[in-house]
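Q: Please take a close look at one part of this protein, a buried acidic residue and what surrounds it. I would like a connected account rather than a list.

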Amino acid sequence: MPAEPALTPLHDADAAAPEPADFRLAMAEFATGVTVVTALDGGEPVGFACQSFASVSLDPPLILFCADKRGRSWPRIRSAGRFCVNVLGEEQRDLCERFGSSRGTKFEGLEWEESRWGAPALPDVLLAVHCVVHDVHEAGDHEVVIGRVLAVDRHEVVNGTWRHPMVFFRSRFGVGEPDAPIAPDPWGIGDRWGWG
C-alpha cells in the first residue's frame, strides 16, 4: 500500500495559495455559461453580467450566483429583493458587453420588459430564472447569493432553430475558437462581469 502524501499544514495554506493573477489564469480553464442578473431598484433597472451561476436545490428550487462586494449593481439588486438571471445565447455578445461594462447606462436604448415578478427580463435570452433573494453568505471579496426560484421561462428554440448557450473559456467566447478575440476581462475594473 503506497504511503499517503503529507498534507500541507493549514497554517501554511496562505503562503501556498496562488497569487490572484495565477488563480485567475487557472480558473479560465473552467468553461462557464454567461448570465445577466437584473432587478428594479426604486423603479430603475440595474444589472451586471455574471458567469458564476449554478443550480443548488430542486426542492425547494434554489440557484446561486456570486457578486463582488465592490460592484455597483449588486447592492441595488440586494435592496430590490427580487431579480432575474438571464442566461445568454451564443449570439448575444452585445448583451454581455453592455452589462459587462462599467461605462454608460446598461439599459439605454435596450428593449426589455418587466416580468410579472417585478424584475427586468431581457429580450430573447435562452432562459430567464425569476427569483427572490433567499440568503447571502460572505465569501472573501464576494458574496454568495442564494435565490429562491419563483418561475422559469425557456426560449431554447427560436423559429424552429435550436439555440446554443454563450460559453466563456480561456478568456474567450466559445471553446473551439483559439484565435477568437479576448473577451472583456471578468476580473477587470468596475462591475466586472462574471464576478460583479
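A: A residue counts as buried when its relative accessible area is under 20%, and as exposed when that area is over 50%. The model is a predicted one. Glu143 has a relative accessibility of 11%, so it falls in the buried class. Its place in the fold is strand 10, which covers residues 142-154.

The side chain of Glu143 has a polar partner: it makes a polar contact with the side chain of Arg78, at 3.4 Å. Arg78 is also among the residues that Glu143 touches, leaving aside those up to four places away in sequence. The others in that set are Phe65, Cys66, Ala67, Lys69, Trp74, Val136, His137 and Glu138.

One of these neighbours, Cys66, deserves a separate word. Cys66 is itself buried, because its relative accessibility is 15%. Its sulfur is not in a disulfide: the closest cysteine sulfur, that of Cys50, is 7.0 Å away, which is too far for a bond. The cut-off for a disulfide is a sulfur pair within 2.5 Å. Cys84 gives a parallel case, since its closest cysteine sulfur belongs to Cys131 and lies 7.5 Å away, again too far for a bond. Cys84 is buried, with a relative accessible area of 0%. The structure as a whole holds 0 disulfides.

Next comes the helix around the contact partner. Helix 3 spans residues 73-80 and includes Ser73. Ser73 has a relative accessible area of 7%, so it is buried. A polar atom of the Ser73 side chain lies 3.1 Å from the backbone oxygen of Gly47.

For contrast, consider a residue elsewhere in the chain. Leu25 sits in helix 2, residues 20-27. Leu25 counts as exposed because its relative accessibility is 61%. Its C-alpha is 7.8 Å from that of Arg170, although 145 residues separate the two in sequence.

The strands on either side of Arg170 in sequence can be described as well. An open sheet of 3 strands has the order 1-13-14, and its pairing is antiparallel. Strand 1 (32-33) and strand 14 (172-173) are the edge strands, each pairing on one side only. Strand 13, residues 167-169, runs antiparallel to strand 1 and is joined to it by 2 bridges. One bridge partner can be named: Gly33 is matched with Val167 in strand 13.

To return to the request, the buried acidic residue is Glu143, and its side chain is in polar contact with that of Arg78.

Conventions: Residues are numbered from 1 along each chain as its sequence is written. This is a predicted model: local features need pLDDT of at least 70, side-chain atom pairs count only at pLDDT 80 or more; totals for chains, interfaces and linings use all residues. Side-chain values use heavy atoms; hydrogens and water are left out. Helices (H or I, at least four residues) and strands (E, at least two) are DSSP runs, numbered from the N terminus. Buried means under 20% relative accessible area, exposed over 50%, partly exposed in between (1.4 Å probe, protein chains only). A polar contact is a pair of N or O atoms within 3.5 Å; within protein, one must be able to donate a hydrogen and the other to accept it, and residues adjacent in sequence count only if both atoms are side-chain atoms. Two strands pair if DSSP finds at least two bridges between them. Contact means heavy atoms within 4.5 Å.
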